[in-house]
Amino acid sequence: MGKRGALRLGRVAGVEVFVDWSLLIIFSLITLSLGAGLFPAWHPDWEPLLIWSTAIAAALLFFGSVLLHELSHAVVGRANGIPIPRITLFMFGGMAHMENEPPSWRAELYMAAVGPITSLVLGFIFLGLAKLVIGPIEIDPDNPQRSFADLGPMVSLLMWLGPINILLGLFNLLPGFPLDGGRILRAALWGMTGDLLTATRRASAAGQGFAWVLMASGFLMILGLRVPVFGAGFINGLWIALIGWFLNNAAVMSYRQLLIREWLQNVPVVSLMHTQFMRVEPRMSLQRLVDEHLMPSGQRTFPVEDNGRFVGMVSLSDLPKRAQDAWRTSTVGDIMTPAQELVSLSPKQDAVEALMLLGRRDVNQLPIVQNGELLGLVRREDILKWLSLHAGTAFTKNNRVISKPFP
């Protein structure tokens with residue numbers, strides 16, 4: 001498993017690829033929609049095995065297209081100085097995880113635009129291949145589905161994948177931050193104002209407005225009304241409302257994340273670090289670690305020091321490395337993670353770097369070390385505590401007054 005329960009598929013072009021469990025939901029729905037609806041309507045003479053095999057292949061190829069869409073973001077983003085270590089495919093498509101905000105509006109523009117362009121190009125390639133195989137096809141306006149009856153499985157796949165990729169590209173161009181179109185809008189606003197925070201706030205507001213249109217449209221469709229562009233139908237309305245809800249949350253969270261970075265920038269980690277914790281020695285037995293430290297305290301992770309020098313960390317999750325009947329003869333040094341394998345911070349680093357490392361390493365605390373001596377630990381909860389004390393208060397930063405933390 002990978003980040004927070006996601007399955008790691010591997011590394012492509014230096015980018016780690018993860019699949020979230022929620023992808024199974026939309027994969028099943030696409031397969032069911034094609035296998036029980038579209039392909040039987042196109043091909044009433046097909047055997048069930050051929051129908052469902054083609055439906056599964058179509059769903060797999062669609063998510064392969066989404067993967068190429070996200071990889072294009074990652075490759076172009078990295079080429080323009082945006083660190084993107086991984087991408088995740090999930091229920092609503094995919095996400096390229098950026099560790100930092102883009103260094104310039106042009107970098108964001110290039111990174112955001114390449115995704116929809118990739119989907120549009122894929123769509124036209126699929127349709128072009130289909131046309132190359134079957135030649136010109138005449139659509140009977142009175143019975144359009146009859147025109148597809150003689151198409152083989154491969155051409156049927158191409159005829160479905162083409163329009164769906166074009167729709168994906170066009171949908172992502174809508175100005176709903178953080179969709180690609182919303183990021184293109186933010187890049188344009190950033191270029192015009194020269195202010196990333198202002199551009200993000202306006203793009204986020206536009207994204208929330210678009211999301212509320214989707215949610216309202218979906219609700220009306222659920223009630224049985226026909227909405228221009230979106231049509232009608234309970235299931236379609238439910239999906240549009242869910243997509244709107246997801247986009248609204250994503251727009252709000254994107255703005256919050258930027259504000260958090262603004263607040264934490266230039267806040268030294270030593271001002272947030274935790275110093276009230278127990279330390280252990282590498283020669284301590286595991287049984288003593290459990291009896292005298294783990295059980296009596298709420299502390300789950302312990303720095304390991306040898307004559308005042310920081311040598312590693314040991315945590316509750318390390319105990320299974322030794323059988324319980326060997327705890328009396330095994331030591332902390334046998335199971336600890338050595339200091340050289342840990343990511344540590346220096347006192348000169350700021351809280352933004354700490355937050356990035358906590359997320360990148362998926363850990364709850366990081367040691368702050370200077371000249372081999374452990375000064376303290378910075379934990380997620382320490383950063384959250386600092387934010388809870390400062391969020392919502394007006395203060396000046398870079399000659400600007402930020403008075404509202406969230407839109």
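## Exercises on salt bridges, a hairpin and a helix pair

D318 has a relative accessible area of 8%, so this residue is buried. The model you have open is a predicted one, and the exercises below walk through parts of it together.

**Exercise 1. Find the side chain that meets D318 in a salt bridge, and decide whether that partner is buried or partly exposed.**

Solution.
- Step 1: Look for the charged partner. The side chains of D318 and K321 meet in a salt bridge, with 3.2 Å from N to O.
- Step 2: Check K321. Its relative accessibility is 45%, so K321 counts as partly exposed.
- Step 3: Put the two ends together. D318 is buried, whereas K321 is partly exposed.
- A reminder for this and the next two exercises: side chains of opposite charge can pair when their charged atoms come close.

**Exercise 2. Work out which helices the E108 and R183 salt bridge links, and what network these residues belong to.**

Solution.
- Step 1: Begin with the distance. The closest N and O atoms of E108 and R183 are 2.9 Å apart.
- Step 2: Place both residues. E108 sits in helix α3 (residues 105-134) and R183 in helix α5 (residues 180-193), so the pair links distant parts of the chain, 75 residues apart.
- Step 3: Check burial, which means under 20% relative accessible area. E108 is at 0% and counts as buried; R183, at 14%, is buried as well.
- Step 4: Widen the view. E101, E108, R183 and R186 are linked in a network of salt bridges. The structure holds 11 salt bridges.

**Exercise 3. Describe the surroundings of D306, from its salt bridge to its strand.**

Solution.
- Step 1: Name the partner. D306 forms a salt bridge with R283, and their closest N and O atoms are 3.1 Å apart.
- Step 2: Locate the ends. D306 belongs to strand β5 (residues 301-306), while R283 lies in the loop between α7 (234-264) and α8 (286-294), 23 residues apart.
- Step 3: Compare accessibility. D306 is partly exposed at 26%, and R283 is exposed at 53%.
- Step 4: Turn to the strand. In β5, 5 of the 6 residues are buried, which means that the strand is largely enclosed by the rest of the structure.
- Step 5: Find its neighbour. β5 pairs with strand β6 (residues 309-315) in the antiparallel sense over 6 bridges, and V304 stands opposite G312 in β6.
- Step 6: Follow the turn. The two strands form a hairpin with 2 residues between them, and N307 in the turn has a positive phi of about 55°.

**Exercise 4. State how the axes of α2 and α4 cross, and which residues meet there.**

Solution.
- Step 1: Recall the description. Two packed helices are described by the angle between their axes and the distance between the axes.
- Step 2: Apply it. The axes of helix α2 (residues 48-79) and helix α4 (residues 153-172) come within 10 Å and cross at roughly 35°.
- Step 3: Add the handedness. The crossing of α2 past α4 is right-handed.
- Step 4: List some contacts. Residues of α2, including L50, L61, F62 and H69, meet residues of α4, among them P153, W160, I164 and N172.

Notes. Residues are numbered from 1 along each chain as its sequence is written. This is a predicted model: local features need pLDDT of at least 70, side-chain atom pairs count only at pLDDT 80 or more; totals for chains, interfaces and linings use all residues. Side-chain values use heavy atoms; hydrogens and water are left out. A salt bridge is a side-chain nitrogen of Lys or Arg within 4 Å of a carboxyl oxygen of Asp or Glu. Helices (H or I, at least four residues) and strands (E, at least two) are DSSP runs, numbered from the N terminus. Buried means under 20% relative accessible area, exposed over 50%, partly exposed in between (1.4 Å probe, protein chains only). Two strands pair if DSSP finds at least two bridges between them. Axes are lines fitted to C-alpha atoms, for helices over the stretch in contact, and angles run from 0 to 180 degrees between N-to-C directions. A crossing is left-handed if the near helix is turned anticlockwise from the far one by less than a right angle, and right-handed if clockwise. Contact means heavy atoms within 4.5 Å.
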